[in-house]
Amino acid sequence: MGKHAAVITRVAEKRWHAVEDDRAVGRGDTSHRPDGRIFLSIDAWHGAVFDQLADAMLTDLPKPLHTVVDEADLDLTSNWEQAGFTTRRRKWEYLVPTDPRVTELGSAPPPPDGAAMALFEGVGACRASSNPQLALR
């Protein structure tokens, strides 16, 4: 299996550990969204360990599965694509000031649906990043 052959163990319902030479070299977690979708997260010290964790998790879990990555993280995106995931949609993250002294909103009520973006731009919000959501069907 290459230079890094970790032992992968499911240690809890939503958690996997990768151990190599009695040291933790990675972990995988799942989170269940309110709409029922399952999202995966893997933190591995080596690409081969990522692959092993992904294989174990994909074997154990029902499909479809999802994950979110920062579009600037090309290595992580590539790892998920090699595991069979494809880009399904993009999510934009914004930095929004909340200090009433900065926004000058004081105790203003929240905006109606659909007006939030105009409000964000009006108080100096800026787009922080784009995060593709990848899915495995």
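**Exercise 1. Getting your bearings**

What share of the contacts with a separation of 6 or more comes from residues 24 or more positions apart? Work it out, then list the elements of the chain.

*Solution.* Keep in mind that you're looking at a predicted model.
- Step 1: residues 24 or more positions apart make up 60% of the chain's contacts with a separation of 6 or more.
- Step 2: going through the elements, you'll find four helices and seven strands.
- Step 3: starting from the N terminus, their order is β-β-β-β-α-β-α-β-α-α-β.
- Step 4: the chain has 137 residues, and 31% of them count as buried.

**Exercise 2. Checking helix 1**

Find out what length helix 1 should have, and say which of its residues are buried.

*Solution.*
- Step 1: helix 1 covers residues 47–60, which is 14 residues.
- Step 2: at 1.5 Å a residue, the span should be 20 Å. The expected span uses one less than the number of residues.
- Step 3: the C-alpha atoms at the two ends are 20 Å apart, so expectation and model agree.
- Step 4: now look for the buried residues of helix 1: they are Val49, Phe50, Gln52, Leu53, Ala54, Ala56, Met57 and Leu58.

**Exercise 3. Finding the core**

How many residues does the largest nonpolar core have, and which of them have the most contacts inside it?

*Solution.*
- Step 1: count the members, and you get 21 residues.
- Step 2: Leu40, Ile42, Leu65, Trp80 and Phe85 have the most contacts within this core.
- Step 3: two or more core residues come from each of strand 2 (15–20), strand 4 (38–44), helix 1 and strand 7 (126–136).
- Step 4: helix 1 supplies the largest share, with seven residues.
- Step 5: for the general background, nonpolar side chains in soluble globular proteins tend to be buried together.

**Exercise 4. Following the aromatic rings**

Classify the two aromatic pairs and check whether their members are buried or exposed.

*Solution.*
- Step 1: there are two aromatic pairs to look at. Phe50 and Trp80 have their ring centres 5.0 Å apart, with 80° between the planes, and the pair is edge-to-face.
- Step 2: Phe50 belongs to helix 1 and Trp80 to helix 2 (residues 74–82), so this pair ties together parts 30 residues apart in sequence.
- Step 3: Trp80 also pairs with Phe85; with centres 4.9 Å apart and planes at 70°, this pair is edge-to-face because the angle is over 60 degrees.
- Step 4: buried means under 20% relative accessible area. Phe50 has 3%, so it counts as buried. Trp80, at 1%, is buried, and so is Phe85, at 2%.
- Step 5: put the rings together, and Phe50, Trp80 and Phe85 form one aromatic cluster.
- Step 6: setting aside neighbours within four places in sequence, the contacts of Phe85 include Leu40, Leu58, Leu65, Trp80 and Leu134.

**Exercise 5. The two sides of helix 2**

Which residues of helix 2 are buried, and which exposed residues does the face turned away from them carry?

*Solution.*
- Step 1: Thr77, Asn79 and Trp80 are the buried residues of helix 2.
- Step 2: these three cover an arc of only 160° around the axis, so they sit on the same side of helix 2.
- Step 3: on the face turned away from that buried side you'll find the exposed residues Leu74, Asp75 and Gln82.
- Step 4: move on to Gly84, just after helix 2, which takes a positive phi of about 110°.

Terms used
Residues are numbered from 1 along each chain as its sequence is written. Side-chain values use heavy atoms; hydrogens and water are left out. Buried means under 20% relative accessible area, exposed over 50%, partly exposed in between (1.4 Å probe, protein chains only). A nonpolar core is a set of buried Ala, Val, Leu, Ile, Met, Phe, Trp, Tyr and Cys residues joined through side-chain atoms within 4.5 Å. Contact means heavy atoms within 4.5 Å. Rings of Phe, Tyr and Trp (its six-membered ring) pair if their centres lie within 6.5 Å; planes under 30 degrees apart count as stacked, over 60 as edge-to-face and the rest as tilted. The arc is that of the directions from the helix axis to the C-beta atoms.
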